[in-house]
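Let's take a tour of a protein model, looking at its charged pairs and at its empty spaces. Keep the picture open while you read.

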Amino acid sequence: MTHQTHAYHMVNPSPWPLTGALSAFLLTSGLIMWFHFYYTLLLATGLLASAMTMFQWWRDVVREGTYQGHHTPPVQKGLRYGMVLFIISEIFFFAGFFWAFYHSSLAPTPQTGGHWPPTGILPLNPMEVPLLNTAVLLASGVTITWAHHSLMEANRKESAQALLMTIALGAYFTYLQMSEYSETSFTISDGIYGSTFFMATGFHGLHVIIGTTFLATCYIRQQMYHFTSSHHFGFEAAAWYWHFVDVVWLFLYISIYWWGS
Amino acid sequence: MAAAVGSRLSRLLGWSRPQLGRPMSSAAHSGEGSARMWKILTFFVALPGVGVSMLNVYLKSQKEHERPEFVAYPHLRIRTKPFPWGDGNHTLFHNSHVNPLPTGYEDE
């Protein structure tokens, strides 16, 4: 028998899981070397190794799916389950930071003044830049839906335009948050308020950057004719991830920025 | 069991879906003109909303903010370990105009 008689994908041996694991080790030990001994080489090597792993692994997935036809309907179903499970794991990741925030803010200790926000903390006005950030992300949710429907209706020009607008809005959010970080009167070292604020919003910002990168990859692939009007799971995965990032922001805005002020 | 729950959920939500997997189908048909609806929402709701919020921020930023007086609270400006950059005493997004060091504002 020279060809498979089933619809599944028996993936060829690949070095990327190993390089991924090694880069994770370099990243963790690199952080320790940096924090405790001010030595950055391990961390830099780990960042380079993990970036290369991600690029090459995902490049291979695109090759297997788009160019070699391995992504049959049952294979795609498995990829869908995978993305859903990954996003669920990310929800749990953020749940931890929200737990920390609520644990400290629902029962403020006497050491910080017995109220929330603690004494000496001037929180950001939720009706200024945070509100703009909310409008930006909600708008990006609309534009990405427009992009998806345009893609399904085989409208190349509009799906590219809408995707570009989504990326621009994501970049604008990142720019606004970075300028907010420079303008806050409180810092990460300002007790439990600073810790919970910057850990939660910081990791969210990192996820916005990751999501924007994912969308940009989709834009490049779209320009290279990788997607069809009925088969574009990479785009759908990026859209799911982007909506997740938007929803996390809404929880952040309501909990930390609004209720927490 | 999942199918039973799924169909109960469908009935609860008033959707007539034949099976639970339907909305995730890659061959999900885009309703005629639904891209046009999202395009209209983009240009008439979403982007104007962003514009109004931008205007709001611009107007609010016109007011000069006075910075609060420095009080050396023990629960703020914590330095149990130096930061692994610079002199170890400045946060990553340090702004000397609004962020005092544990000893006070740098420009006073």
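## A link between two chains

Start with B:Lys39, which is partly exposed, at a relative accessible area of 28%. Keep in mind that this is a predicted model. Which residue does B:Lys39 meet in a salt bridge? The partner is A:Glu158, and the N to O distance is 2.7 Å. B:Lys39 sits in helix 2 of chain B (residues 34–60) and A:Glu158 in helix 5 of chain A (residues 156–183), so this pair joins two chains.

The A:Glu158 end of the bridge is buried, with a relative accessible area of 15%. The cut-off for buried is under 20%, so A:Glu158 makes it into that group with its 15%.

## Salt bridges within chain A

How many salt bridges turn up in a search of the whole structure? The count over all chains is five. One of them pairs A:Arg80 with A:Glu236, whose closest N and O atoms are 3.2 Å apart. A:Arg80 belongs to helix 3 (residues 73–106) of chain A and A:Glu236 to helix 7 (residues 233–259) of chain A, so the bridge ties together parts that sit 156 residues apart in sequence. Both A:Arg80 and A:Glu236 are buried.

Now look at A:Asp60 and A:Arg59, which form a salt bridge with their closest N and O atoms 2.8 Å apart. Are these two buried or partly exposed? A:Asp60 is buried, at 17% relative accessible area, while A:Arg59 counts as partly exposed at 27%. There's a third member to find here, too: A:Arg63 is linked with A:Arg59 and A:Asp60 in a network of salt bridges.

## The largest pocket

Time for some empty space. Rolling a probe the size of a water molecule over the atoms shows where such space is left. The largest pocket holds about 1,600 Å³ of it. The lining has 38 residues, and the closest to the pocket's centre are A:Met54, A:Trp58, A:Val62, A:Phe214 and A:Thr217.

Which helix gives the most to this lining? That's helix 2 of chain A, with 11 residues. Helix 2 (41–67), helix 3, helix 6 (191–223) and helix 7 of chain A each supply at least two. Both domain 1 (1–70) and domain 2 (71–258) of chain A contribute at least three residues each. By type, the lining of the largest pocket splits into 21 nonpolar, 13 polar and four charged residues.

## The second largest pocket

The second largest pocket has about 1,300 Å³ of space. It is lined by 39 residues, and nearest its centre you'll find A:Ile188, A:Phe198, A:Met199, B:Trp85 and B:Leu92. Helix 1 (16–37), helix 2, helix 5 and helix 6 of chain A are the elements giving two or more residues to this lining.

Helix 6 of chain A provides the largest share here, with 10 residues. What kinds of residue make up the lining of the second largest pocket? They divide into 23 nonpolar, 14 polar and two charged.

## What the record says

Finally, step back to chain A as a stretch of residues. An unreviewed UniProt entry carries the annotation "domain: Heme-copper oxidase subunit III family profile" for residues 4–261 of chain A. Over residues 4–261 of chain A, the chain is 76% helix and 0% strand, and the C-alpha atoms at the two ends are 61 Å apart.

How values were computed:
Residues are numbered from 1 along each chain as its sequence is written. Chains are lettered from A and ligands numbered from 1 in the order in which they are written. This is a predicted model: local features need pLDDT of at least 70, side-chain atom pairs count only at pLDDT 80 or more; totals for chains, interfaces and linings use all residues. Side-chain values use heavy atoms; hydrogens and water are left out. A salt bridge is a side-chain nitrogen of Lys or Arg within 4 Å of a carboxyl oxygen of Asp or Glu. Buried means under 20% relative accessible area, exposed over 50%, partly exposed in between (1.4 Å probe, protein chains only). Helices (H or I, at least four residues) and strands (E, at least two) are DSSP runs, numbered from the N terminus. On a 1 Å grid over the protein atoms alone, a cavity is a set of points where a 1.4 Å probe fits but cannot get out, and a pocket is an open set with protein on both sides within 12 Å along at least five of seven lines; lining residues have an atom within 4 Å of a point. Grid points are joined across faces, edges and corners, and a volume is the space filled by probe spheres set on the points. Ala, Val, Leu, Ile, Met, Phe, Trp, Tyr, Cys and Pro count as nonpolar, Asp, Glu, Lys and Arg as charged, and the others, Gly among them, as polar. Domain bounds come from an automatic or database domain assignment. UniProt positions are given in the numbering used here, feature names are shortened, and annotations may be inferred rather than shown by experiment.
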